[in-house]
Amino acid sequence: MSILANKETRVVIQGGPAGVNAARRMAEFCYLIKQPLNVEAFVYPPEAGKTNEIPYGSGLITVPVYATVAEATKHHPAINTSLVYIGADRAMKAGMEALDDPHIKLVSMITEGVPEKDAKLLGAHARKLGKIFNGPSSIGIISAGACRLGVIGGAYDNLVLSKLYREGSFGVITKSGGLSNEIIWICSQFADGITTAIGIGGDTYPGTDYVTYLEMFEQDPQTKAVVIVGEMGGDLEERAAEWYGAQKRRIKLIGIVSGFCQESLPKGMKFGHAGAKEGMKGEGSARSKSEALKRAGAIVPPTFGALGPAIKEVYQELLKSGQVKEIVEPTSLPKLPKTVEEAMKADEVIVTPLIRTTISDDRGDEPYYDGYPASELINKGYDIPHVIGLLWDKRLISKQEAEIIRRIIMLSADHGPCVSGAYATILAACAGIGMAQAVAAGLIMIGPRFGGAVTDAGRWFKYAVDNKMSVDEFLAYMKKNVGPVPGIGHRVKSLRNPDKRVKELVAYVKSLNIKTPCLDFALQVEQVTAAKKENLILNVDGTMAAILVDLGFPVDSLNGFFILARTIGLIGHWVDQKRQDSRLIRLFDYLVNYAVPKRREVPPLR
């Protein structure tokens with residue numbers, strides 16, 4: 001048997017992420033003992049109506065989230081226990097809500113830092129209702145082979161090492177959450193393990209004391225002995241000693257109290273848990289508590305290191321008297337499935353990658369761009385154009401190439417509010433749309449007629465150079481197979497009104513005395529086309545395309561330079577409109593040609 005938590009325990013967890021983590025730990029224990037998950041619902045108002053996915057073995061169990069405990073127990077009437085993982089300022093309200101629900105008989109509060117007044121009120125309310133309130137600051141409750149409430153017991157491997165998959169003969173009650181796991185382990189190594197272990201919490205006023213649980217263990221025939229771990233401060237251990245010495249008890253009591261070091265420190269010093277404080281006159285000291293337990297007939301080891309042998313001695317007496325029998329351990333136990341990451345580290349599984357990347361790796365302390373740590377690039381004087389080179393072309397470009405890219409981005413960053421991309425962004429900004437969506441609206445405009453000619457221009461200029469075409473051959477080919485030459489022509493600019501951006505780029509690149517076969521060819525095409533019509537000049541898209549192809553960038557990446565540059569301008573237009581608190585834009589009627597029939601009568605419906 002066990003106390004408080006058993007195979008019939010059904011749980012609602014009040015709380016968010018911490019509660020979900022507890023449910024995952026509880027699911028591991030349920031998987032170990034081959035029992036269904038005992039968490040039936042969560043109560044967390046911010047996520048009411050949603051669900052949490054809890055891993056169970058290699059699968060997932062969907063657990064619903066409700067706004068109130070009443071809703072949870074209405075939909076899951078088997079719920080009889082609540083775990084509270086709510087912040088200290090709201091913990092009392094959550095605890096009262098659970099205690100007031102007629103379905104719930106046990107509330108265990110994990111929350112730390114609960115005000116003492118709140119803890120007193122919760123404990124008193126539970127006693128009034130005839131229910132159990134465990135905590136605050138409880139690590140949880142675990143009954144071997146039956147039920148786990150909270151994260152008590154530790155990781156899955158520790159559950160197995162502590163033999164928590166089957167029932168033993170020793171009960172455990174502790175104030176310390178950390179020590180509870182150690183005592184459970186000691187009971188499994190020096191004896192046959194535990195029936196139930198309870199962390200009552202280390203606060204000054206716990207909701208339930210040692211005596212309450214000792215009474216329960218006394219009534220549980222499977223529990224033959226109980227280990228209590230106390231500490232200085234308060235009188236819970238003295239009351240336990242008084243209870244044990246009042247009459248002959250069935251269970252054997254083993255008690256150990258921490259804090260003898262207090263004898264070397266100033267009186268009244270407080271350390272550790274909220275309740276770990278010796279009185280100014282020595283009341284509540286570790287020594288006085290230990291002496292009280294000894295007088296009551298409890299076994300009190302002289303040191304913590306002697307606790308294991310003391311438990312072993314009691315266990316051997318129980319074996320000799322026939323009260324317990326040697327346990328035959330199962331030959332195999334369920335192994336918790338490893339995550340993909342764990343299995344890969346252990347070289348136990350091969351996973352076919354979903355995607356393949358050759359440009360960046362962020363699995364370490366910082367991003368690596370084509371193998372180069374980002375911080376080293378910064379500290380050695382590299383700049384944004386170099387990062388573009390690494391991510392777009394997998395190479396560390398030269399200083400000259402970086403300067404060309406810097407100029408391309410600067411000269412292409414914006415082209416006023418009237419071009420389609422900027423206008424779309426401005427419309428969205430004036431409609432109250434956020435930056436990301438408004439800028440995306442502008443970027444969507446980039447295509448064959450706005451900015452998107454960069455890639456096409458680069459593709460066809462490169463095609464001509466690679467195939468050693470003359471300008472006439474190229475123009476004839478384009479006319480027959482493609483259409484107008486991308487990168488040639490401008491709506492406003494012409495030979496008489498040249499585009500200064502083009503002049504700037506061409507002049508700078510030519511000043512470097514580097515090979516520019518595509519740019520040279522594009523300029524030759526311009527001479528022929530502009531002679532036919534003066535606005536058929538090499539535009540900025542065509543210039544960027546030819547230069548970037550000459551630098552060795554992949555043709556399919558070329559539009560990216562326009563997108564990257566123009567994003568700077570689109571963000572500027574969005575910020576500009578927000579700064580002005582601009583109103584929603586609606587076209588004036590006089591800007592629309594209403595080429596529709598004049599008003600006419602609607603014929604009868606036939």
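Two strands pair if DSSP finds at least two bridges between them. Helices (H or I, at least four residues) and strands (E, at least two) are DSSP runs, numbered from the N terminus. Residues are numbered from 1 along each chain as its sequence is written. Please keep in mind that this is a predicted model, where local features need pLDDT of at least 70, side-chain atom pairs count only at pLDDT 80 or more, and totals for chains, interfaces and linings use all residues, while side-chain values use heavy atoms and leave out hydrogens and water.

**First stop: strand 5**

Select residues 81-85, which form strand 5. Here 5 of the 5 residues are buried (under 20% relative accessible area with a 1.4 Å probe, protein chains only; exposed is over 50%, partly exposed in between). Thr81, Leu83 and Tyr85 line up on one side, with Ser82 and Val84 on the other. Now add strand 1 (residues 11-15), which runs parallel to strand 5 and is joined to it by 5 bridges; look for Val11 with its bridge partner Thr81. Then show strand 6 (residues 106-109), parallel to strand 5 through 4 bridges, where Ser108 stands opposite Leu83.

**Second stop: the open sheet**

Next, bring up the 6 strands that form an open sheet of mixed pairing, in the order 9-8-11-10-12-13. Its edges are strand 9 (147-150) and strand 13 (252-258), each pairing on one side only. Zoom in on strand 12 (residues 225-231), which pairs with strand 13 in the parallel sense over 7 bridges. Ile228 has Gly255 in strand 13 as its bridge partner.

**Third stop: two antiparallel helices**

Select helix 14 (residues 399-412) and helix 19 (residues 500-511): they pack at an angle of about 175 degrees, with axes 11 Å apart (axes are lines fitted to C-alpha atoms, for helices over the stretch in contact, and angles run from 0 to 180 degrees between N-to-C directions). Helix 14 is therefore roughly antiparallel to helix 19, the term for angles over 145 degrees. Show side chains to see Glu403, Ile404, Arg407, Ile408 and Leu411 of helix 14 meet Arg501, Glu504, Leu505, Tyr508 and Val509 of helix 19, contact being heavy atoms within 4.5 Å.

**Last stop: the largest nonpolar core**

This core has 51 residues; a nonpolar core is a set of buried Ala, Val, Leu, Ile, Met, Phe, Trp, Tyr and Cys residues joined through side-chain atoms within 4.5 Å. Helix 21 (540-551) is among the contributing elements and gives the most, with 8 residues. Finish by centring on Phe474, one of the residues with the most contacts inside the core. Leaving aside residues up to four places away in sequence, Phe474 touches Trp460, Phe461, Ala464, Met469, Val485, Phe521 and Val525.

Definitions and conventions. Parallel < 35°, antiparallel > 145°, perpendicular 65-115°, else oblique.
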